[in-house]
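Thanks for passing this one along. Here are my notes, in numbered points, to read beside the sequence and the model.

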Amino acid sequence: MLPVFRKTLLASAALLALASTVPAPASAAPVGNLSRVGSQPGAVELGTDRGVTVRVELLRPDVFRIWAGPAGKLSGSGDKAAPIVLKTDYPAPEFTLADQGDHQLIRTSALTLRVYKKPLRFALYQADNATLVWQEQQPLELSAEGSFQTLSTGAAEHFFGGGQQNGAFDFKGKSLEVSYSGGWEEGDRPSPAPFYMSSRGYGVLRNTWSNGSYDFRSDEFITASHREHRFDAYYFAGGSIQSVLAAYTELTGRAALLPRWAYEYGDADCYNDQDNARKPGTVPRGWRDGPSGSTPDVVESVAAQYRAHDMPGGWILPNDGYGCGYTDLPKVVEGLKKHGFRTGLWTENGVDKIKWEVGSAGTRAQKLDVAWTGQGYQFALDANQAAAQGILDNSDARPFLWTVMGWAGMQRYAVTWTGDQSGSWDYIRWHIPTLIGSGLSGQAYATGDVDGIFGGSPETFTRDLQWKAFTPVLMGMSGWSKAERKHPWWFDEPYRSINRDYLKLKMRLMPYMYTYARQAEQSGAPIVRGLMWDHPNDPHANDESHKYQFFLGRDFLVAPVYRSQAASKGWRNNVYLPQGRWIDYWDGRVVDAGAAGQLLDYPVTLERLPVLVRAGAIIPMYPSALYDGQVAKDVLTLDIYPHGDSSFMLYEDDGETRRYQQGAHSSQEISVRAPTGQAGDIAVDIGAVRGEYAGQEARRALRLQLHTRAKPRAVALDGAALAERATLEQFEQGGAGWIYDAAAKFGTVLVKTAPRDIRQAARLALHIDAGAALAQTPAFGRAPDPGNAVSADSLMVLGRPAEEPGHPLENAFDDKPDTWFRTVRDQSIKTGAHEFSLALGERRMVGGFEIAPRNDQHWKSGQVRDFEVYLADRNGEWGAPVHSGRLALSQGKQKVEFAPHAGSLLRFRVLSTQEQAEDEAVQDPMVTASSGNPNEAAGAKPARAFNAFLPAQVNPVSISEFRVLEAPLPTRPARQLYLSDAAPDAASNSAGPVARDQAGGAGAKGRPLQMNGLKFRKGSAWRP
């Protein structure tokens, strides 16, 4: 079997390139032909005729390692304190090794690995030895500077992983870079990992600290490269992404269960800086940290304000800032504890004091910033291991760490947070796929600061907090934004109340979240999920068609709002529902999605986030509280959406210590049996609690909310009828009983019991006539056409001309024709063209603009005539204008459209005004050339004089309205082009003619394309 030559892909139609995105060193060479074979328990030793040693280690029936090195030597990854691979005590699985002529065959109960001899190549099959998983298209290649593996792929295959890759989770058709990018915006990589997994049910971990790149652009092959003189990879062949992620996180460590308070809102700033003396200009006007300017101020200035505003919150970092330090730490810990807060520390230079900070002062969290982990890679993993060990060694608490840099294995130590950004609508948007993708790399705890640390607004803060309340961890960091403090109680109404409601809901949903967190610890399963996890058969399961929504566990579908109310006109468009029945969490509307899924437009008010619940869901809830431990957990609420047979296994422990690891925890199964799509009897079985832990409630009352849309004729608990209450007031004030609330979400049965022994199982029976009509719910409507103007609150002024006092540029974008933007009328200094530049909030396809003059009797004054429009992604790198033109003199609004161009920044230049329009009938007397020259072209403008030593004069400008017009993005999928199939810019260049699908240059014609030892079947080349 001969290897298939690679293809060279075209990233841009104007770009000529030969190799894939990873450059290989000139000495890269295949490993050679198989020359020797030997086996031992759990391993097969291979050698080649080029002196390369290859070892195949079998860790489990579905996990193996390929480890190769030149000169007969195998070298390790160079781990220091914290290794990438944590688990090394696998019992050797049974396997067989057989010579099949052209290949050796290694078989376990779960897989078959073929080792072809000439040249040595690997091919992975399922256990049947017939179903191909992948095969090497070319042999492994090693050099002094890099190692390469090229595997087969298909058009329908998708790839996940790579650690925390900001803004993405699917890398089909992309190049996945595995390196620290040095930034924290969309496209950056704060915590990368040399791991990927395929939708075909396999995964690969490269056991290395070196930078790498995985090229997933082709539909025929993928190439994975790392810059090191060795090859060391673990392969997971479980057959599904669930089994792959479970095996990967077993090998590298799983995200451990956090203390319950860690799932509450966290707060950070520096309070030891002489009341903001060290950070002038970065706090809102009038804000004071407190009277002393030292760390204890945080107790009254911040913690007490949470409780005064009835606001939930669980932990505070009071020293978050460079050089901040702390004062009276034990006093701070005790003071925060009185308000229900745990104390953590921002760690700048190491953990040399952690024994005292944790063991004596009582801190319980560590945030490791770039001042300590800035080298990334091994350095970051070692730093987090040291911080975690400091908590383990000096308390019985569970480590709770945050890190901004990581590598494979970081999930076992810390929350991976995306870095320091500015709050904006775009910030919300790209964080959604970031969290999904992080989870698919085992990073179950990943997030960004609520509303960033810079900038932000009341609306972006609330919208960001809303969706993050449905994720495991969240934190706000103040002290860097002059516009806002990042406390949820800081904002005026209605924002404060909305923030409170969502944080209180997060507190109530704690048993649901905590149960999924336990599952993450046991199996590596993400808590924040994409379609691919629980809906693998959905037509969009693996792609990014619906990347801006997610699932919390299996049951909640959340569609974050990343447009302002003004921009969205009160709609969140294109919420996608996979197959099944879904219920609106807020009002109970029911939607049935078919096999193709269903899109809906969701009407949103400021207080409403699109949240839908899977039919059949069982959602356990605790009583309302501001922090863990404030209120006894002696009432368990079950929010039930009956639909067929369903169940939920509730997990609980003390929420604080590590005793759960020795068995101090409990489980309780709740199951429901109900008809589907019609009325009928419903049975709820609440199992006895199994297991025990310190602080466990011995007796608990039950409250159930069953969304039936039909009234029962009777409700019984353990066979005994419960009393029906006539009013909600009677229900709340009375003992055990039930009521049907027809107004609650189109019909909800409320049930409550007296406190009962948790070791006693219970059965609730709702007797509902099978012929009863279910209350009908209205359908979701369609959002009105919002137009194509970019909303004003998405724009930010980057550059502005000299403005007339009282007439700033923002007046042109405020949708108020009576307010104008005007340039300064003082023309004593000639500045030439007027221009302004805008940030568009995100990268957009811009296809025009609308402009209107002032709207009074002097509407002719200051009208724009000649103009230029530029688009770019970096300020100052404008290039040529994308459109130039001339406006007519008009009293009304004018619309200019042009071919759409992409960019995140726009620059508008005014070259002349209507007052400067030339009078074609008047000849400049200073010009002697006669316009009546018979040789002059017909229709030529008369010549005019100008002073070349002065900039061109442009009269003052007045604009009442200016709107940027956005063109719709193409809906077709991205298209891959081979360079040789696209028309090049030129058939030849100064170096010689361009050759297609063959090597170029004298004497090379007809030879296959080859670079750095790698062969290509398609591509373009030239050779001087």
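How many aromatic pairs does the structure hold?

1. The count is 53 aromatic pairs. Please keep in mind throughout that this is a predicted model. One pair to look at is Phe-159 with Tyr-196: the ring centres are 6.1 Å apart and the planes stand at 70°, so the pair is edge-to-face. Phe-159 belongs to strand β14 (residues 159-164) and Tyr-196 to strand β16 (residues 191-198); with the two positions 37 residues apart, the pair links distant parts of the chain. Both Phe-159 and Tyr-196 are buried.

2. Tyr-512 and Tyr-516 give a tilted pair, at 4.9 Å centre to centre with 55° between the planes. The two tyrosines lie about one helical turn from each other because they are four residues apart in helix α10 (residues 510-523). Tyr-512 is buried, its relative accessible area being 1%, and Tyr-516 also counts as buried, at 8%. For Tyr-516 the reasoning is simple: 8% is under 20%, so the residue falls in the buried class.

3. Those two tyrosines are part of a wider group. A single aromatic cluster is formed by Phe-470, Tyr-502, Tyr-512, Tyr-516, Phe-556, Tyr-585, Trp-586 and Phe-648. Tyr-585 has a charged partner as well: the charged end of Lys-745 sits over the Tyr-585 ring, 4.9 Å from its centre. Elsewhere, Lys-752 lies over the face of Phe-731, with 5.5 Å to the ring centre.

4. Which residues have the most contacts inside the largest nonpolar core? They are Phe-122, Phe-470 and Phe-556, in a core of 213 residues. Leaving out residues up to four places away in sequence, Phe-556 touches a set of residues including Phe-470, Leu-509, Tyr-512, Tyr-585, Val-611 and Ile-619. There is also a second, separate core, which has 28 residues, among them Ile-851, Val-864, Phe-908 and Phe-962.

5. Ile-619, one of the residues that Phe-556 touches, is in strand β39 (residues 618-621). In a regular strand, side chains alternate between the two faces of the sheet. In β39, Ile-618 and Pro-620 point one way while Ile-619 and Met-621 point the other, and all are buried. Strand β39 runs antiparallel to strand β40 (residues 635-640), and four bridges join them. Across that pairing, Ile-619 has Asp-639 as its bridge partner.

6. It is also worth tracing the open sheet of six strands, in the order β31-β32-β33-β38-β35-β36, where the pairing is antiparallel. Its edge strands, β31 (528-529) and β36 (590-593), each pair on one side only. Strand β31 meets strand β32 (residues 550-552) over two bridges in the antiparallel sense, and Val-528 stands opposite Leu-552 of β32.

7. Finally, is Thr-53 buried or exposed? Thr-53 is buried, because its relative accessible area is 7%, under the 20% limit. This residue is found in strand β6 (residues 53-60). The Thr-53 side chain makes a polar contact with the side chain of Arg-36 at 3.3 Å, and it reaches the backbone oxygen of Gly-72 at 3.4 Å. Beyond its neighbours within four places in sequence, Thr-53 is in contact with several other residues, including Glu-45, Leu-46, Trp-67, Lys-73 and Leu-74.

Note on methods. Residues numbered from 1 in each chain as written. Predicted model: local features only at pLDDT ≥ 70, side-chain atom pairs only at ≥ 80, totals over all residues. Heavy atoms only, no water. Buried < 20%, exposed > 50% of the residue type's maximum accessible area, 1.4 Å probe, protein only. Polar contact = N/O pair within 3.5 Å; in protein donor to acceptor, adjacent residues only side chain to side chain. Contact = heavy atoms within 4.5 Å. Pairing = 2+ DSSP bridges. Phe/Tyr/Trp six-rings, centres within 6.5 Å; stacked < 30°, edge-to-face > 60°. Lys NZ or Arg CZ within 6 Å of the ring centre and 35° of its normal. Core = buried A, V, L, I, M, F, W, Y, C linked by side-chain atoms within 4.5 Å.
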